[in-house]
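Morning, everyone. I'd like to walk you through a structure that's new to most of you, so have a look at the screen.

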Amino acid sequence: MVSDDSKEFRGEDMKIEVATEEQASAETPGTWFMEEKRLIRKLDRRILPIACLLYLFAYLDRSNLGNARVLTGTHDGKPPLPTDALGGDPTGILFDWVNSAFFFSYILCQVPATVLSKLVAPRIWLACAAIGWGTCSTLMSTGFDFGGLMTTRVFLGIFEAGFGPAIPLYFSLFYTKEEMGLRMAYWFGFAAVAGAFGGIVAFGIQNAVVPFSNWRLLFIVEGLPAVCLGILTFFFLPDRPESTHYLNEREREIALARMNRGTSGDVGAVVTKSHITMAFRDWRIYVGGVIYFALNCSLASTSAFLPTILKTLGFSSARVQLMTVPPYAVAAAVIVLGSWISDRLQSRGIPIALASVVAGVGYLILLFVPSNLHARYFATFCITSGTYTSIGIIIAWFAHNLGSETKKATGIPMFMAIGQCGSILGSHLFPSTEGPRYIKGFAVCCGLELFGAVCALIMTISYRIDNARRNKLYGVPKEDARVDVAELADKAPTFRYII
């Protein structure tokens, strides 16, 4: 059955009367509060399952190379990906390039793709992205040489570039700054779930008896569901609050009032060119990119090389796939808890710094405790929990602090694109020739995690100073009042940053 959201909407043909906080306060507070809570539950029921499952399969499809690298057929001894398609790859360099090819196209396409997404209905844009990357991942099973694998990975990056940065922008249309951290944690937490789920799937697939290499079956099993989910997204994901037919008129009124708390939203398909320029001139976006660079270096190396690192602890290839599950499962729980605390305190910089330090301590253990297997395995929990928590919170941080929709559509992919350069570095830090200690890789990731913590503290101090200066010049604004960001974005006198 096709949902009503399949109807086309043109923002310029529809005038919306945006409910203000004054309108809300004129009603019985208890009535508005209860209706708002019902609306949040309704949005969560529809938006979160689709968005989280999309990210689950997006992350599976970008990170399953790590499992394919060590996936050998249990019953018939079919070779893993490097032996089967890369001529053995004794140095690990070819695998590194296949892994990092995704990030080159992903980085280059993020900013134009996210700005362009504002001109297309969200359900259509995100559905096409999912169908595209799912198809590319499935086609990786047909790769028989270095060139074929590189090509599919490049196109995988192009399609995923239209998804990752667009989700924080999409969430900001429906959720307030007090709710964004937890929702981003649910969404990004599925990257950790994907790590755990991917290990379980790989364990099962290596025991399958098929007429071709087992790693090829892995790409098919993890690629086709994204295509199917993309089709469902087209029919069931709500469009913008002012245009979606998933909400009735009363719910739309409440949703629009929520979208204009502490900021203000656009109506329809609008791009403000001056805000694009403002984003490129905002130094905080570049510092955020440095933090994201540090985190993504660790994230990319962990997702691609955790099975390899665990193998150095003495586990068999079969057990390695299962041993990757607990660190990711714990990380999924920690990111939700950390983001909930961040929302309650309305603080982002300090939680990011603390989580990054935890990850840095994990790398220090791997560097200086070479023989204690229990301590080294514990270190992987620190790394995954600290890194994933920091990434989820920093995305929520910029989802509010950039002010206008256009600046978010430019600034979010900007800092993400800078950060994804860290993924390229992370893809080259653990060549086979440096095992089993991998001293260089652990040392680089440790240093970057701690440097990211320092940058987060600098950011939070700068936001505190800016808020205090505006309070002194313009007075303390009414909490959650509508702020006109149409001209100045986050530089509007009554706009206040989350610290």
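How many salt bridges does a search of the whole structure find? The search turns up 21 of them. Before we get into those, keep in mind that this is a predicted model.

Let me pick out a few pairs. One of them is Asp84 with Arg216, whose side chains meet in a salt bridge at 3.3 Å, N to O. Asp84 sits in helix 4, residues 81–85, and Arg216 sits in helix 10, residues 214–236, so this pair ties together parts that are 132 residues apart in sequence. Are the two partners buried or exposed? Asp84 is partly exposed, at 28% relative accessibility. Arg216, on the other hand, counts as buried, at 5%.

Next pair: Asp239 and Arg123. Their closest N and O atoms are 3.2 Å apart, and they form a salt bridge. Here again distant parts of the chain get linked, with Asp239 in the loop between helix 10 and helix 11, and Arg123 in helix 6, residues 122–139. Along the sequence the two are 116 residues apart. Asp239 is buried, with a relative accessible area of 4%, and Arg123 is buried as well, at 1%.

Now for Lys407 and Asp490. What is the N to O distance where their side chains meet? It's 2.6 Å, in a salt bridge. Lys407 belongs to helix 18, residues 405–426, while Asp490 comes in the segment after helix 19, so the pair ties together parts that are 83 residues apart in sequence. Lys407 has a relative accessible area of 0%, so it counts as buried. Asp490 is buried too, with a value of 0%.

There's also a little group to point out. Glu36, Glu179, Arg258 and Arg261 are joined into one network by salt bridges that share partners.

Okay, on to helix packing. Take helix 16, residues 349–368, and helix 19, residues 439–474: their axes come within 8 Å and cross at roughly 165°. Anything over 145 degrees counts as roughly antiparallel, and that makes helix 16 roughly antiparallel to helix 19. The crossing of these two helices is left-handed. Which classes of residue make up the contact? By class, there are 18 nonpolar, 4 polar and 2 charged residues. On the helix 16 side, they include Gly349, Ile352, Val357, Tyr363 and Leu367. On the helix 19 side, you'll find Phe442, Cys446, Glu449, Leu457 and Arg464 among them.

Two single residues before I stop. Where is Asp44? It's in helix 2, residues 29–63. At 17% relative accessibility, Asp44 counts as buried, because the cut-off for that is under 20%. Leaving aside neighbours within four places in sequence, Asp44 is in contact with Pro49, Tyr175 and Arg183.

Then there's Phe104, which you'll find in helix 5, residues 93–117. Phe104 is partly exposed, at 37% relative accessibility. Not counting residues up to four places away in sequence, Phe104 touches Trp97 and Ile424. And if you want a distance to try on the screen, the C-alpha atoms of Phe104 and Gly195 are separated by 22 Å, with their positions 91 residues apart along the chain.

That's my tour, thanks for listening.

Notes: Residues numbered from 1 in each chain as written. Predicted model: local features only at pLDDT ≥ 70, side-chain atom pairs only at ≥ 80, totals over all residues. Heavy atoms only, no water. Axes fitted to C-alpha atoms, helices over the stretch in contact; angles between N-to-C directions. Helix = DSSP H or I, 4+ residues; strand = E, 2+ residues; numbered from the N terminus. Parallel < 35°, antiparallel > 145°, perpendicular 65-115°, else oblique. Left-handed = near helix turned anticlockwise from the far one by under 90°. Contact = heavy atoms within 4.5 Å. Nonpolar A, V, L, I, M, F, W, Y, C, P; charged D, E, K, R; others polar. Salt bridge = Lys/Arg side-chain N within 4 Å of Asp/Glu carboxyl O. Buried < 20%, exposed > 50% of the residue type's maximum accessible area, 1.4 Å probe, protein only.
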